[in-house]
Amino acid sequence: MIIAKESSGIFQVSMSSKVERLREQVLSKINRMEIIDDDRVMELVENMVYQDLLYEPIEEKEDLIVKLFNEFRRLGPLQPLLNDDEITEIMINGEDQVYLERKGKMEEADIGFQSNDEIFHLIQKIVNMMDRKVNEKHPICDVRLHDGSRVNIVLSPIALKGPTMTIRKFPKKRLTKKDLIENMTIDHGSMAFLENLVKKKYNLFISGGTSSGKTTLLNILSDAIPTGERIITIEDSAELQLSSINNLVSLEARTSSDHHNHVSIRDLIKSSLRMRPDRIIVGEVRGEETIDMLQGMNTGHDGSISTGHANTTQDMLFRLETMVLSGMNIPLIAIRQQISSALDIMIHIQKIRDLGRRVVEISEVVGMVGDQIQLSPLYLYDEKEDRLKETNTPLVHMEKWLWN
């Protein structure tokens, strides 16, 4: 089994001919000996570097060993970025533009690629590890790395500057309720209110923009689910970390150019209804599967939670209508009745410049008023005071004690 040929010529190690020859010798030896064990690869690299670069400074040799090992067994120049816990996003916009997000701020990375071919070979290495394919015929691909990082790939000619790759990393340490409160994302009172809603099996929907913290909030709210319940999670790309749930079934959709191998979110929701769930948690709804989620909430699976992309709670309601219509041609009034009947609470979380992530609205779905869905805001964010404030609006359909 040859395991390193796909890495040949991909990454910047050193431009000196001596180091380049060394690199080729190590690669040849790995292939010839068919070494697949990481420890043996590292041992081989160390021995050959120390033998061939006898008089080089120790720091340079150690740096070269790491670079060579990352080339043969990891993801080359991207590996240090993946190992850095402060980095949450890596964005490659062609050969000469690599950006990253560190502590919520965008900056240009100090790495680069010699050509778009290097990026293309790196992309092929990633998709091959995950047993996926991406090419000119199918130039868009979403995969998940072994550490859970989410990778989006777009190839030329769709990507005009060359191969484009965006890697969304997730914290190794799961954030807790305490973290959210300390970061001022939410306060004790409103968090307690949401936890009571979860315990009493109200249906919640979390909206927000990209990277606003929807999944993080969903993870933390799941800790309030009472023990003994059977939970089914459904995701396009697995991101949820429901560490407090014992009876948990996690389902992940499968995209494929082959229609027969494709398994959609909608397929998974339909199947989950036959798996005896107490609650169904859909990581994010994006399309026609929305109608199945709403029907699940309306057919005895109370306490279900989902998320979606939107700028406001009202925009999220409009998007839900549009998503249902994308898969089913039914009257708009019927869709709105389904939504208002299924959802109890809308939560909106937002990324605010220079402040971080904030829960900015918690509203009760009151029901239909005429032909429109009515929301009743219970908590609203005060920008001047930088906090979520109660509106003291009376609850309509829920127990009054939840307010306290």
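Okay, let's start with a term: on a 1 Å grid over the protein atoms alone, a cavity is a set of points where a 1.4 Å probe fits but cannot get out, and its lining residues have an atom within 4 Å of a point. For volumes, grid points are joined across faces, edges and corners, and the volume is the space filled by probe spheres set on the points. Why bother with a probe at all? Rolling a probe the size of a water molecule over the atoms shows where empty space is left.

A word on what we're looking at: this is a predicted model, where local features need pLDDT of at least 70 and side-chain atom pairs count only at pLDDT 80 or more, while totals for chains, interfaces and linings use all residues. Residues are numbered from 1 along each chain as its sequence is written, and side-chain values use heavy atoms, with hydrogens and water left out.

So, how many cavities of 30 Å³ or more does the structure hold? Two. The largest cavity has about 60 Å³ of space in it. Around it you'll find Ile 269, Ile 280, Val 282, Asp 292, Met 293, Gly 296, Met 297, His 301, Ser 304, Ile 305 and Ser 306. When I say helix or strand, I mean DSSP runs, numbered from the N terminus: H or I over at least four residues for helices, E over at least two for strands. Strand 10 (279–282), helix 10 (290–297) and strand 11 (305–309) each give at least two residues to that lining, and helix 10 has the largest share, with four. By class, that's six nonpolar residues, four polar and one charged. Here Ala, Val, Leu, Ile, Met, Phe, Trp, Tyr, Cys and Pro count as nonpolar, Asp, Glu, Lys and Arg as charged, and the others, Gly among them, as polar.

On to the second largest cavity, with a volume of about 30 Å³. Its lining is Gln 314, Leu 317, Phe 318, Glu 321, Arg 336, Gln 372 and Ile 373. Two or more of these residues come from each of helix 11 (313–325) and strand 14 (372–382). Helix 11 supplies the largest share, four residues. The classes here are three nonpolar, two polar and two charged.

Now, strand 14 leads us to the sheets. Strands of a sheet pair through backbone hydrogen bonds, either parallel or antiparallel. For us, two strands pair if DSSP finds at least two bridges between them.

Strand 14 sits in an open sheet of nine strands, in the order 9-8-10-11-7-12-13-14-15, with mixed pairing. Strand 9 (248–252) and strand 15 (387–390) are at the edges with a single partner strand each, so one side of each has no neighbour in the sheet. On average, neighbouring strands here are turned by 25° against each other, direction ignored. Those angles are between N-to-C directions, from 0 to 180 degrees, with axes as lines fitted to C-alpha atoms. Strands 14 and 15 pair antiparallel over four bridges, and you can spot Asp 382 opposite Arg 387 of strand 15.

There's another open sheet, with six strands in the order 3-2-1-6-5-4 and antiparallel pairing. At its edges are strand 3 (105–108) and strand 4 (140–144), each with a single partner strand, so each has one side without a neighbour in the sheet. From one strand to the next, the twist averages 15°.

Have a look at strand 1 in that sheet. Five bridges join strand 1 (residues 87–93) to strand 2 (residues 98–102), and another five join strand 1 to strand 6 (residues 164–168), also antiparallel. Which residues stand opposite Met 91? Tyr 99 in strand 2, and Thr 166 in strand 6. Next door, Ile 90 has Leu 100 as its bridge partner in strand 2. Five of the seven residues of strand 1 are buried, buried being under 20% relative accessible area with a 1.4 Å probe, protein chains only. In the hairpin of strands 1 and 2, which has four residues between the strands, Gly 94 takes a positive phi near 95°.

Last stop, two helices. Leu 82 belongs to helix 4 (residues 79–83) and is buried, at 7% relative accessible area. Its C-alpha is 8.8 Å from that of Ser 149, although Leu 82 and Ser 149 are 67 residues apart in sequence. Helix 5 (residues 116–129) includes Leu 122 and Ile 126 among its buried residues. Just after helix 5, Asp 131 has a positive phi of about 55°.

Notes: 1 Å grid on protein atoms, 1.4 Å probe; cavity = no way out; pocket = protein on both sides within 12 Å on 5 of 7 lines; lining within 4 Å. Buried < 20%, exposed > 50% of the residue type's maximum accessible area, 1.4 Å probe, protein only.
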